[in-house]
Amino acid sequence: MSFMTNLLNNIAFFGYLVGILLIGLHFRRKERSDREYFLAGRSMGWLPVGLSVMVTAFSAINFVAFPNEIFVNGLAVTVALPVFVLVAWPVTRYFIPIFYRLEITSAYEYLERRFDRRVRSLASGLFIFWRLSWMAAALFASGKIMFAVSGYPLPLIIILAGVVATIYTSFGGIKAVMWTDVCQFCILFGG
């Protein structure tokens with residue numbers, strides 16, 4: 001790899017990390033309450049929310065694996081794409097309006113109201129286990145890509161990405177997460 005290519009890769013990598021930290025710091029100054037931190041004051045528009053949900057479901061694993069799946073299985077793989085639209089319709093027309101009217105923070109709060117604390121604890125525990133496993137795989141896949149591009153040790157990349165994500169999320173709340181997801185959307189689909 002040439003010196004110039006390596007330099008540009010490093011600028012892009014560290015520039016992105018600094019950029020998302022700045023997003024977290026920007027929204028840190030604006031956080032006033034728990035409602036603002038966890039729900040963005042219910043003020044986010046449909047576009048950043050929709051892009052955030054889409055990017056959350058579409059990780060580096062998908063970005064790397066999808067072209068390979070098409071290569072191996074052909075365009076038949078694209079038949080799965082309309083499923084996102086079929087799932088989005090009942091979620092946006094039924095579930096989200098219910099949660100919005102109830103003024104609850106999460107589906108787990110609903111489970112506690114509907115059933116009891118044990119159901120909420122079980123469901124949230126299973127979700128946390130599933131997301132930690134998924135995030136480990138996503139960080140590993142992203143780290144492998146960055147290792148191939150930068151040559152930095154894989155454990156260093158994973159730790160750095162995890163620490164930066166934790167910092168910007170804890171500083172900026174859900175607004176920082178959603179706007180960072182919008183940036184990730186632009187990078188993923190612009191690439």
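**Entry 1: aromatic pairs**

I started with the rings in this predicted model, and a search of the whole structure gave me eight aromatic pairs. I picked out Phe-14 and Tyr-152: their ring centres are 5.8 Å apart and their planes stand at 75°, so I noted the pair as edge-to-face. The cut-off that decides this is a plane angle over 60 degrees.

Which parts of the chain does this pair tie together? Phe-14 belongs to helix H1, while Tyr-152 is in the loop between helix H7 (117-150) and H8, so the pair connects parts that are 138 residues apart in sequence. I then looked up how open the two rings are. Phe-14 is partly exposed at 36% relative accessibility, and Tyr-152 is partly exposed too, at 26%. Following the ring pairs further, I found Phe-13, Phe-14 and Tyr-152 linked into a cluster.

**Entry 2: the nonpolar core**

Phe-13 turned up again when I looked at the core. The largest nonpolar core holds 11 residues, among them Phe-13, Leu-17, Ile-20, Met-146, Val-164 and Tyr-168. Helix H1 (3-28) and helix H8 (154-190) each contribute at least two residues to this core.

I took Val-164 as a sample member and listed its neighbours. Leaving out residues up to four places away in sequence, Val-164 touches Leu-17, Ile-20 and Leu-21.

**Entry 3: the chain as a whole**

I stepped back for the overall numbers. The protein chain has eight helices and zero strands, so to speak a plain α-α-α-α-α-α-α-α when read from the N terminus. The C-alpha atoms fill a box of roughly 60 × 45 × 30 Å along the principal axes.

How much of the chain is buried? Of the 191 residues, 21% are buried. The chain exposes about 13000 Å², and carbon and sulfur atoms supply 73% of that area. For contacts with a separation of 6 or more, I noted that 67% are between residues 24 or more positions apart.

**Entry 4: a nonpolar patch outside**

Next I looked for nonpolar side chains on the surface. Val-83, Val-87, Val-91, Tyr-94, Phe-95 and Ile-96 form a nonpolar patch there, with about 540 Å² of accessible area together. I checked where Tyr-94 sits, and it is in helix H5 (residues 82-102).

**Entry 5: an unusual phi**

I moved on to the loop between H5 and H6, where Glu-103 lies. As background, most residues other than glycine have a negative phi. Glu-103 is not a glycine, yet its phi is positive, at about 50°. Is Glu-103 buried or exposed? With 54% relative accessibility, Glu-103 counts as exposed.

**Entry 6: salt bridges**

My search found five salt bridges in the structure. As a reminder to myself, side chains of opposite charge can pair when their charged atoms come close.

- Arg-113 bridges to Glu-109, with the closest N and O atoms 3.6 Å apart. Both residues are in helix H6, four residues apart, which is about one turn of the helix.
- Arg-120 and Glu-112 meet through their side chains at 2.6 Å, N to O. Arg-120 is partly exposed at 27% relative accessibility, and Glu-112 is partly exposed with 23%.
- Asp-116 pairs with Arg-118, the closest N and O atoms lying 2.7 Å apart. Asp-116 is partly exposed at 24%, whereas Arg-118 is exposed, with a relative accessible area of 66%.

I also traced shared partners, and salt bridges join Glu-112, Arg-117 and Arg-120 into one network.

**Entry 7: two alanines and their distances**

I finished with a couple of C-alpha distances. Ala-107 lies in helix H6 (residues 107-114) and is partly exposed, with a relative accessible area of 34%. How far is Ala-107 from Ala-123? Their C-alpha atoms are separated by 9.3 Å, with their positions 16 residues apart along the chain.

Ala-80 is in the loop between helix H4 (60-73) and H5, and at 45% relative accessibility it counts as partly exposed. From Ala-80 to Leu-156 I noted 35 Å, C-alpha to C-alpha, for two residues 76 apart in sequence.

Key: Residues numbered from 1 in each chain as written. Predicted model: local features only at pLDDT ≥ 70, side-chain atom pairs only at ≥ 80, totals over all residues. Heavy atoms only, no water. Patch = residues over 30% accessible without salt bridge, like charges linked within 9 Å, V, L, I, M, F, W, Y side chains within 5 Å. Areas by Shrake-Rupley, 256 points an atom, 1.4 Å probe, with all protein chains shown as cover. Salt bridge = Lys/Arg side-chain N within 4 Å of Asp/Glu carboxyl O. Core = buried A, V, L, I, M, F, W, Y, C linked by side-chain atoms within 4.5 Å. Buried < 20%, exposed > 50% of the residue type's maximum accessible area, 1.4 Å probe, protein only. Contact = heavy atoms within 4.5 Å. Phe/Tyr/Trp six-rings, centres within 6.5 Å; stacked < 30°, edge-to-face > 60°.
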